[in-house]
Amino acid sequence: MKKVYFILFLTSVFSFQVFAQNHKGDKFYKYFNYAEAIPYYLKTMESGNENEKAHATQRLADCYRFTNNAPEARVWYEKAVQLEHTDTVNYFYLGQALRSLGLYEEAAKSFETFNKLVPGNDKGERYYKFAVDIQKWLDLPPVAEIKNIEALNSRYSDFCPVFYRDGIVFTSDRQLNSLDKNVYGWTNFNYLNLYYTIPEYYKIFWNGVPEPQKMSNDFNQTYHDGPVCFSSDNRWVYITRATTKQGEKLKDNIKTFLLKIYFAEITGSKPPKFKPFPYNSNEYSVGHPALSQNADTLIFSSDMPGGYGGSDLYMCVMESGKWGEPINLGEKINSIGNEVFPYWKNGMLFFSSDNHLGYGGLDIFQSKLTDGKWSEPENLKAPINSSYDDFGIGFKDDLTEGLFSSNRPEGKGNDDIYGFKMLSLSSVAIKESPMLTVSGKVTDQNNLPLRGATVFLLDPGKNTVQVLITDEEGMYTTEVLYNHTYISKAMKDVYVHDCTLFETPVGEIESYQVPRDLRLVKLEINQMFKVENIYYDLDKWYIRKDAEPALDKLVQIMKEYPITAELSSHTDSRGPEEYNLELSQKRAESAVRYIVLQGVAPSRITAKGYGETKLVNKCADGIECTEEEHQANRRTEFKITSVGNSLTGEGIDLSRYKNGDIISAATLGGQFFENCIK
């Protein structure tokens with residue numbers, strides 16, 4: 001009997017525990033804390049009865065949908081549609097999850113089932129057509145090259161980058177440290193804040209991005225801050241904020257966050273004083289501001305009554321220093337879905353929508369304003385758009401490159417920031433720019449013109465490369481843009497390549513000479529390279545930090561070309577001869593040790609100290625010389641002692657390239673120009 005009572009008691013405990021798990025999950029769900037609700041529903045699935053599991057299944061599917069976890073949403077909606085008396089909308093949400101995963105044929109079947117169960121539903125029929133029609137785009141060539149800007153991203157959400165002054169501002173819910181516990185229950189991550197970084201190479205955003213820093217409290221407040229936009233002169237800032245304060249709760253004590261826009265003038269060192277946008281509301285959200293270049297027109301997203309769908313895009317025009325009434329952009333732009341994250345530049349509107357023909361989730365579209373009318377929105381296509389959420393685009397000056405956000409699964413976190421360089425601009429209108437004739441010269445180690453060298457001229461703005469072949473005078477010539485950054489890299493078989501970064505002038509001169517000639521040194525036995533900028537402390541032989549870049553260049557040569565070499569160190573004549581010989585040997589060995597530690601086989605490079613035995617001038621013992629003359633004798637040299645085959649370097653077959661070719665930089669490899677900007 002005791003055993004029976006024990007079993008009954010245990011069953012009762014388990015039943016109560018399962019009920020408690022669902023109850024706790026429902027409480028979090030009710031308060032929109034979906035991420036916190038999920039673990040409780042999962043526990044119910046382990047030991048609940050049929051009804052409890054059915055309830056948890058439906059809630060798990062919804063929670064994963066709300067937290068943008070498409071793979072898990074698919075799993076649980078597939079379970080939900082198998083439930084007895086399942087809600088027919090589950091077939092629609094299953095179709096959305098499948099579409100987000102790029103499973104368009106399966107998504108079409110799910111939408112088709114939904115349409116049969118709910119005939120005449122415009123949204124279901126529309127999404128069924130999307131899932132069918134998008135399959136025609138899957139084999140289209142890429143319109144852009146994209147790259148995850150890893151230095152900007154974290155394991156959290158990082159999105160909506162904008163260019164501000166010399167850097168980048170973006171929105172993130174990252175956790176700065178273990179003590180940072182200001183958590184938003186919907187996602188279980190921090191509230192959104194603004195972050196800022198200044199790239200080391202401002203005009204080449206693919207390289208040298210320092211770790212972002214949280215902006216000051218002048219821009220960030222208690223709850224969500226961001227996205228943000230700035231006027232083209234950086235004088236005005238408009239920011240999206242959620243400003244619900246403690247104690248502000250709606251019916252049933254549910255605290256919600258409505259988005260509002262705040263703006264401020266940025267003047268000198270004074271902190272900006274933010275003011276509310278006049279069309280903010282306590283009944284609906286107003287957010288995602290986008291300013292025209294002259295700051296007299298504002299486009300934003302809102303779910304205010306009277307729109308076409310969930311969130312629509314609206315426009316306000318500045319009149320006599322005040323914003324005019326919001327004007328809906330109309331049914332060509334807005335749909336029964338959501339139009340969000342607008343960006344406006346050069347008469348082009350870019351925005352994200354989940355209800356125009358796209359790959360899934362939010363896609364980025366473009367439309368042009370002509371004579372007061374918007375053109376039909378055009379999808380930017382892959383790889384900028386994907387089956388996941390793609391949004392928050394921002395361009396640099398000429399609409400050929402920029403940054404955007406996406407939650408595609410190959411990123412570091414929930415949302416990541418990607419860089420892009422357009423390969424095809426479709427209908428994007430770009431103003432023609434005047435061209436400048438630029439010329440450069442390639443020489444050998446004796447400064448003689450080098451004919452037949454291949455020059456790769458990179459335009460970082462477009463990520464395209466012009467191929468130029470030098471003439472009898474070692475010259476290469478082409479047309480480029482004014483006020484633009486370029487990299488030129490020269491290569492020739494059996495020569496060590498050379499490269500340089502330069503900027504073209506602003507003024508409209510007719511021609512421009514690249515400031516530095518490209519000097520290629522021939523790879524042959526006994527060829528000597530003088531290694532510049534190798535300095536040692538007095539009477540020391542340890543490698544200093546300022547010597548590492550020069551030695552790194554030697555490492556690169558050793559790795560790229562099948563050669564062996566001798567690294568030699570020399571002193572001037574001052575000091576005892578035996579001491580100088582020993583000191584130079586230690587210095588040479590120290591340099592060789594550094595090179596070997598970078599991955600060069602010890603058998604390929606030897607160290608030799610010559611002391612004062614190989615002076616390059618008259619400055620022997622007893623002869624008075626200037627400091628500059630003594631300095632000429634204190635040198636480090638690199639001499640080739642044997643050469644192998646395949647001496648082009650970097651595995652490049654130069655015979656493939658012809659004068660005038662224009663290629664994508666991606667075909668040369670991501671590291672091809674890397675050392676040219678260091």
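**Disulfides and a sheet: how the labels are earned**

By the rule that a disulfide is a pair of cysteine sulfur atoms within 2.5 Å, the count comes to two disulfides. This is a predicted model, where local features need pLDDT of at least 70, side-chain atom pairs count only at pLDDT 80 or more, and totals for chains, interfaces and linings use all residues. Residues are numbered from 1 along each chain as its sequence is written, and side-chain values use heavy atoms, without hydrogens and water.

Q: What makes C499 and C676 a disulfide?
A: Their S to S distance is 2.2 Å. The cut-off is within 2.5 Å, so the pair qualifies.

Q: Why is the disulfide of C499 and C676 called left-handed?
A: The torsion about its S-S bond is about -105°, so the disulfide is left-handed.

Q: What makes C619 and C625 a disulfide?
A: Their sulfur atoms are 2.1 Å apart. That satisfies the rule of within 2.5 Å.

Q: Why is C160 called buried?
A: Its relative accessible area is 6%. Buried means under 20% relative accessible area (exposed is over 50%, partly exposed in between; 1.4 Å probe, protein chains only), so the label fits.

Q: Why does C229 count as buried?
A: C229 has 8% relative accessibility, so it counts as buried.

Q: How do you know that strands β29 and β31 pair?
A: Six bridges join β29 (residues 485–491) to β31. Pairing requires at least two bridges found by DSSP, so they pair. Strands here are DSSP runs (E, at least two residues), numbered from the N terminus.

Q: What makes β31 and β39 edge strands?
A: In the open sheet β31-β29-β26-β27-β39, each of these two pairs on one side only.

Conventions: Helices (H or I, at least four residues) and strands (E, at least two) are DSSP runs, numbered from the N terminus.
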